[in-house]
Amino acid sequence: MGLLDSIKDGYTKNREVAAERKDVRGEKLAHAQCIYLGGYEVKHKAGGSVTFFENQIEFSTLGKAKFTLTKTLVREVAVEGKDEVHSRVTVTRLLVLGIFAFGARKKNEVKESYITIVLNDGREVVLQVNNIAPVQLKAKFSKVYAAYNQSKPLQQGSATDELERLAALKSKGVITQAEFDAKKRQLLGL
């Protein structure tokens, strides 16, 4: 086997691995440089990037995956500004943001956004994205919302509980009026 054959074999194997990886991940939906603040297995703050695929979310630093969340683990993905992050204090957020979870509201002029990945077990993975306003990041992540925030079968509660939850998401700007109306029709069977 010559050098050219060896290069061809390597190229073919790399293409096969890439195809298998794409089958597992699905299409790439969005990518952002961010700072991991906490909420999952990595215990310390870390700069890196998050990539949302159809079937999983990957956080990596310097090209090495730190953690992967399969779509089945994720309940919801939200993009929020500093005000929304501070107004929604949970135990996870208190642990991640510390005393700043109770901080005073800041002006929206700061281009700082937060991606919150709410897991089915209630944990919240929080990522900070600098130099982009929440409205801009929401637009960039429209495919992510469509893929990850689809209504899932209600496990507990009623349609009324789900409508209240959706109304809260609408008031925070996470979903639009049209998305709210569509979910409402779906829940009420109209």
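This tour moves through the structure one selection at a time, from the whole chain down to single side chains.

**The whole chain**

Start with everything displayed, and keep in mind that this is a predicted model. If you colour by secondary structure, you should find 7 helices and 7 strands, which follow one another along the sequence in the pattern α-β-β-β-β-β-α-α-β-β-α-α-α-α. The protein has 190 residues, and buried ones make up 39% of them. Among the contacts with a separation of 6 or more, 58% are between residues 24 or more positions apart.

Next, colour by confidence: the average pLDDT of the protein is 79, and 75% of the residues score at least 70. Select residues 104–108, where the pLDDT is below 50, and note that this stretch has 6 contacts in the model beyond its near neighbours in sequence.

**The nonpolar core**

Now turn to the interior and select Phe52, Ile57, Leu69, Ile115, Ile117 and Tyr148, which have the most contacts inside the largest nonpolar core, a set of 36 residues. The element that gives the most to this core is β1, with 5 residues.

Centre the view on Ile57 and show what surrounds it: leaving aside neighbours within four places in sequence, Ile57 is in contact with Val50, Thr51, Phe52, Phe67, Thr68, Leu69, Val74, Val77, Ile117 and Tyr148.

**The aromatic cluster**

One of the contacts of Ile57 is Phe67, and this ring leads to the next stop. The whole structure holds 6 aromatic pairs. Select Tyr36 and Phe67, whose ring centres are 5.4 Å apart and whose planes stand at 65°, so the pair is edge-to-face. These two rings join distant parts of the chain, since Tyr36 lies in strand β1 (residues 28–38) and Phe67 in strand β4 (residues 64–70), 31 residues apart. Tyr36 is buried, at 0% relative accessibility, and Phe67 is also buried, with a relative accessible area of 6%.

Keep Phe67 selected and add Phe59: this aromatic pair is stacked, with 5.5 Å from centre to centre and 25° between the planes. Phe59 and Phe67 are both buried. Adding Tyr40 completes the selection, for ring pairs link Tyr36, Tyr40, Phe59 and Phe67 into a cluster.

**Salt bridges**

Where do side chains of opposite charge pair? The count comes to 3 salt bridges, and each can be selected in turn.

Begin with Glu58 and Arg25, whose side chains meet in a salt bridge at 2.7 Å, N to O. Glu58 belongs to strand β3 (residues 56–61) and Arg25 to helix α1 (residues 3–25), so that the pair links distant parts of the chain, 33 residues apart. Glu58 counts as buried because its relative accessibility is 14%, under the 20% cut-off.

Move on to Glu76 and Arg165, which form a salt bridge with their closest N and O atoms 3.8 Å apart. Because Glu76 lies in strand β5 (residues 74–81) and Arg165 in helix α6 (residues 159–171), this pair ties together parts that are 89 residues apart in sequence. Glu76 is buried, with a relative accessible area of 8%, whereas Arg165 is partly exposed at 35% relative accessibility.

Finally, select Arg123 and Asp121, where a salt bridge has its closest N and O atoms 2.8 Å apart. Arg123 is partly exposed at 32% relative accessibility, while Asp121 counts as exposed at 51%.

**Charges over rings**

Return to Tyr148, one of the core residues selected earlier, and show Lys71 with it: the charged end of Lys71 sits over the ring of Tyr148, 5.5 Å from the ring centre. For another arrangement of this kind, select Lys170 and Phe180, where the lysine lies over the face of the ring at 4.9 Å from its centre.

**A buried lysine**

The last stop is Lys138, which is found in helix α4 (residues 134–140). Is Lys138 buried or exposed? At 18% relative accessibility, Lys138 counts as buried. Display its surroundings to see that, not counting residues up to four places away in sequence, Lys138 touches Val79, Tyr145, Lys172, Gly173 and Val174.

Methods
Residues numbered from 1 in each chain as written. Predicted model: local features only at pLDDT ≥ 70, side-chain atom pairs only at ≥ 80, totals over all residues. Heavy atoms only, no water. Salt bridge = Lys/Arg side-chain N within 4 Å of Asp/Glu carboxyl O. Helix = DSSP H or I, 4+ residues; strand = E, 2+ residues; numbered from the N terminus. Buried < 20%, exposed > 50% of the residue type's maximum accessible area, 1.4 Å probe, protein only. Phe/Tyr/Trp six-rings, centres within 6.5 Å; stacked < 30°, edge-to-face > 60°. Lys NZ or Arg CZ within 6 Å of the ring centre and 35° of its normal. pLDDT = per-residue confidence, 0-100. Contact = heavy atoms within 4.5 Å. Core = buried A, V, L, I, M, F, W, Y, C linked by side-chain atoms within 4.5 Å.
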